[in-house]
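Hi everyone, thanks for making time for this one. I'd like to walk you through a fold, piece by piece, with the picture up on the screen.

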Amino acid sequence: MSIKMICSDLDGTLLQYGRKELEPEVFSLIEGLAAQGVLFCPASGRQYTSLRALFAPVAERCAFLCENGGVLYKDETCIGKTPMPRQLAEEIARDMWERSDGQGEVMLSGQNCAYLMDRGLGMLDRVRFIGNNYRLIRDPSEVPEEIVKVSVYLHEGVGAYVDRFVPRWKEANCAVAGPYWIDTTLANKGTGVKALCCLLGVEPADVLAFGDNYNDTTMLDLVGHPYIMDGAAGPLRARYAHHTPRPEDVMRALLEGRM
């Protein structure tokens, strides 16, 4: 099997059961695979600062797909970015704020900072938990840089709001990104991986990827070796032939030449 890059979602995939830190085994696997010429790439909705800190022991061995594909980093340098049209981003942010029945908090993402419209319902705690840079704002017009992603955090869950926001903002690839988040961005994990492949000279057919949610499908559909987590929703498990309970098991098999 020819594998030159591994891309992995984090929350619900490499980080399960609400864990904040990676197991030491992950770092040793990344080091071992790097020695065999295999690059590791976290693929996440998190920003670069959070991802860089999480993978600090092996960061020089990694590329980073941040903001669900909206920002790409390698060697501590932003090598790709997909900004949203400013008017569209602000319109989405105000819509999510005003039409979430007082239950939604809005995050606008720049290259490496989150701008938060906060109601005290838990989003700020979550952003602090994952280690994002952030600023509190009252209106989207206060964001001083290009916006790459607009998200709404729904502390009671996304269920009642999927039909309200996802069809309305299809032009911005609106999608459920977890049990509490709905995201919009002009990029996605698939376009992010495709751009990384072009920049790094890797064929998508030589990429192995792990995911667990619907916002991972563009990445999984692109690569030659997609794996869905055992705990993913039934339709996702049916969509992909390869399942795993732990990405580490597959990475270990690859490292030891059992794939």
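Which elements do the buried residues of α1 pack against? Before I answer, please keep in mind that this is a predicted model. The answer has four parts: β1 (5-8), β2 (39-42), α2 (48-54) and α9 (247-255). The buried residues of α1 themselves are V26, F27, L29, I30, G32 and L33. If you look at how those numbers are spaced, recall that an α-helix has 3.6 residues a turn, so residues three or four places apart point the same way.

For those of you who like a sanity check on geometry, here is one. Helix α1 covers residues 24-35, and at 1.5 Å a residue its twelve residues should span 16 Å; the end C-alpha atoms are 17 Å apart, which agrees. Just after α1, have a look at G37, which takes a positive phi of about 90°.

Now to the sheet beside it. Five strands make an open sheet with parallel pairing, and their order is β2-β1-β12-β13-β14. At the edges we have β2 and β14 (242-244), each pairing on one side only. Direction ignored, neighbouring strands here are turned by 20° against each other on average. Helix α9 packs on this sheet, where it touches β1, β2, β12, β13 and β14, and its direction makes about 160° with that of β12. Inside the sheet, β12 and β13 (residues 225-229) pair in the parallel sense over four bridges, and F210 stands opposite Y227 in β13.

Let's move to the nonpolar interior. As a general reminder, in soluble globular proteins, nonpolar side chains tend to be buried together. How many residues does the largest nonpolar core have? It has 32, and those with the most contacts inside it are I6, L22, I30, F40, F55, F64 and M251. At least two residues of this core come from each of α1, α2, β3 (63-66), β4 (71-74), β12 and α9. The biggest giver is α1, with five residues. If you want one residue to click on, try F55: leaving out residues up to four places away in sequence, F55 touches L10, L14, L22, F27, I30, F40, P42 and F64. There is also a second, separate core of 25 residues, and M84, V143, V152 and L154 are among its members.

V152 is a handy way into the other sheet, as V152 stands opposite I182 in β11. The two strands involved there, β9 and β11, pair in the antiparallel sense over four bridges. Helix α3 packs on that sheet, touching β6, β7 (114-117), β9 and β11, with its direction at about 165° to that of β6. As a whole, the sheet is open and has six strands in the order β8-β7-β6-β9-β11-β10, with mixed pairing. β8 (134-136) and β10 (175-176) are the edge strands; each has a single partner, so one side of each is left without a neighbour in the sheet.

Back to α3 for a moment. Its buried residues are L88, A89, E90, I92, A93, D95 and M96, and what covers them includes β6 (104-109), β9 (149-154), α5 (162-165) and β11 (181-184). The length check works here too: 13 residues, 86-98, should span 18 Å at 1.5 Å a residue, and the end C-alpha atoms are 18 Å apart, which agrees.

Last stop: three asparagines in loops. Is N188 buried or exposed? N188 has 18% relative accessibility, so it counts as buried under the 20% cut-off. N188 lies in the loop between β11 and α6 (189-200). Apart from residues up to four places away in sequence, N188 touches N68, G69 and T218, and its side chain makes a polar contact with the side chain of T218 at 3.2 Å.

The other two, N213 and N215, are both found in the loop between β12 and α7. At 15% relative accessibility, N213 counts as buried, and N215 is buried with a relative accessible area of 15%. With sequence neighbours up to four places away set aside, N213 touches A177, G178 and L236, while N215 is in contact with N68, V176, A177 and K189. So N68 turns up in the contacts of N188 and of N215.

That's my tour, and I'm happy to take questions.

Note on methods
Residues are numbered from 1 along each chain as its sequence is written. This is a predicted model: local features need pLDDT of at least 70, side-chain atom pairs count only at pLDDT 80 or more; totals for chains, interfaces and linings use all residues. Side-chain values use heavy atoms; hydrogens and water are left out. The expected span of a helix is 1.5 Å times one less than its number of residues. Buried means under 20% relative accessible area, exposed over 50%, partly exposed in between (1.4 Å probe, protein chains only). Contact means heavy atoms within 4.5 Å. Two strands pair if DSSP finds at least two bridges between them. Axes are lines fitted to C-alpha atoms, for helices over the stretch in contact, and angles run from 0 to 180 degrees between N-to-C directions. A polar contact is a pair of N or O atoms within 3.5 Å; within protein, one must be able to donate a hydrogen and the other to accept it, and residues adjacent in sequence count only if both atoms are side-chain atoms. A nonpolar core is a set of buried Ala, Val, Leu, Ile, Met, Phe, Trp, Tyr and Cys residues joined through side-chain atoms within 4.5 Å.
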